[in-house]
Amino acid sequence: MTFGNTLKKHNLELLRDETTTLQINVGLACDLSCRHCHQDAGPHRSERMSPEVVGEVLAFARRHHFSTIDITGGAPELLPELPRLLAGLAPVTDQLIVRANLTALAGPEAASLLELYRKHRVTIAASLPASNGSQLEAQRGSGVWQQSLAMLRTLNAIGYGREGSGLELLLVSNPTGAFLAPGQSSAERKFRGDLERRHGITFTNLLTLVNVPLGRFRSWLESSGNLEGYMATLAGGFNPATVTGLMCRTFLSVDWNGYLYDCDFNLASGKPHGGIHHHIRDLAGLPEPGSAIPTGDYCYACTAGAGFTCGGSISDREAV
Amino acid sequence: MDTYYDPNDLVKFADIAKDAPQLADKFFSYYNAVFAEGALTEREKALIALAVAHALQCPYCIDAYTRGSLEKGASLEEMTEALHVVGAIRGGASLAHGVQMRKIAEKLLQ
């Protein structure tokens with residue numbers, strides 16, 4: 001059954017609410033090629049936000065208030081214009097988040113970014129799929145575990161993830177395969193124990209995400225014979241209580257070319273906001289609440305079990 | 001029937017309620033309560049279930065609790081250690097019965 005028909009069966013509609021979050025995808029260039037990536041980002045991708053589009057995004061963010069602005073990619077650290085974005089966005093939002101893979105942040109081109117993050121009180125949302133090296137490296141590549149630990153220690157040393165510093169270090173964990181994520185609170189206890197006990201690393205909170213069947217992850221599901229079973233698991237776990245909390249209702253996502261989507265997954269699948277391509281420079285106001293949101297079978301990933309958004313689980317309760 | 005064990009049969013577990021729904025309700029109610037977070041976490045209970053599944057050599061249970069352990073946040077390292085607990089206890093149980101062998105042999109031998 002399509003996602004749309006499942007909504008109808010439960011007398012639900014997926015409609016926009018008040019827009020509170022601007023998510024900026026600055027491009028698909030990345031130093032890693034993670035197997036779970038829904039964007040198929042990697043070193044082979046050259047998409048990057050141009051200085052002109054950066055200027056248009058900054059102008060848009062100044063015209064409208066967003067309580068949260070969330071910078072993602074690819075690896076945002078590879079965008080030369082990132083310092084300009086940070087300086088322009090930090091004063092106009094309550095919370096500025098940068099999604100980091102931890103390895104790109106260690107590159108020479110990112111040397112000055114840590115100080116900029118601290119200066120602008122940026123929240124760092126760092127990907128760490130597993131709290132053990134073998135499963136993390138199976139998904140992210142050889143050597144990434146030790147590099148990730150080293151960067152987490154560096155972040156701790158400058159105050160990130162340390163109690164009382166006010167510098168938020170969120171860890172983002174997604175399953176290392178074709179299965180659902182654990183409950184967020186129990187996973188956080190496990191990560192906290194593993195990382196602090198074994199490595200002396202602390203963090204603010206853990207967010208658990210579900211792998212979305214798009215991009216490289218979908219290709220892996222197909223080639224490994226897991227697609228049918230995974231989709232059945234997602235659809236079978238549909239929890240109608242999650243629909244009101246879905247991020248696509250309050251997010252506005254802009255891609256590296258300046259085009260608008262309701263979420264990063266619709267961006268990855270090429271389903272634009274409102275069904276047609278709108279450019280950020282042409283948008284007079286924020287989307288009207290009540291307008292429809294395009295959907296696809298991958299939407300089941302956000303409604304399975306406890307559901308999830310880019311801010312982690314919608315509810316820590318399992319579906320019944 | 002091509003095989004006694006078909007992975008697609010796992011999802012038919014609830015069919016056991018047919019013809020005896022009251023008993024199935026009691027069983028599944030108990031089952032769900034057992035696996036809820038308590039003094040042990042859901043992850044720890046899933047790991048115990050995985051270990052017992054291997055001791056019983058139940059293919060359905062191995063399938064269900066391999067996935068279940070991963071979904072509760074267990075690592076492959078923890079899951080593998082759980083299986084070694086099974087191996088140790090199964091092996092230990094066999095060797096412990098060696099006491100009987102020795103007692104009987106000592107009685108029989110001159």
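This passage looks at the confidence of a predicted model, then at one strand of chain A and the overall form of chain B.

In this predicted model, local features need a pLDDT of at least 70, side-chain atom pairs count only at pLDDT 80 or more, and totals for chains, interfaces and linings use all residues. Residues are numbered from 1 along each chain as its sequence is written, chains are lettered from A and ligands numbered from 1 in the order in which they are written, and side-chain values use heavy atoms, with hydrogens and water left out.

Confidence comes first. The average pLDDT (the predictor's confidence in each residue, from 0 to 100) is 93 for chain A, and 96% of the residues score at least 70. Residues 316-320 of chain A, however, have a pLDDT below 50; this stretch has 12 contacts (heavy atoms within 4.5 Å) beyond near neighbours in sequence. Where pLDDT is low, the predicted coordinates should not be read in detail.

A good place to begin in chain A is strand β5, residues 169-173. Helices (H or I, at least four residues) and strands (E, at least two) are DSSP runs, numbered from the N terminus. In β5(A), 5 of the 5 residues are buried, meaning under 20% relative accessible area with a 1.4 Å probe and protein chains only. In a regular strand the side chains alternate between the two faces of the sheet. Here Leu169(A), Leu171(A) and Ser173(A) lie on one side, Leu170(A) and Val172(A) on the other, and both faces are covered.

Strands count as paired if DSSP finds at least two bridges between them. Strand β4(A), residues 123-127, runs parallel to β5(A) and is joined to it by 4 bridges; Ala125(A) has Leu170(A) as its bridge partner. Strand β6(A), residues 205-208, is also parallel to β5(A), again with 4 bridges, and there Leu206(A) stands opposite Leu171(A). Together with helix α7(A), residues 184-199, strands β5(A) and β6(A) form a right-handed β-α-β unit: with the strands pointing away from the viewer, the path from the first strand over the helix to the second runs clockwise.

Chain B has 5 helices and 0 strands. Its radius of gyration, taken over C-alpha atoms, is 19 Å, whereas a compact globule of 110 residues would be near 13 Å by the rule of 2.2 Å times the number of residues to the power 0.38. The C-alpha trace of chain B spans about 60 × 35 × 30 Å along its principal axes, and 20% of the 110 residues are buried.

How values were computed
Buried < 20%, exposed > 50% of the residue type's maximum accessible area, 1.4 Å probe, protein only.
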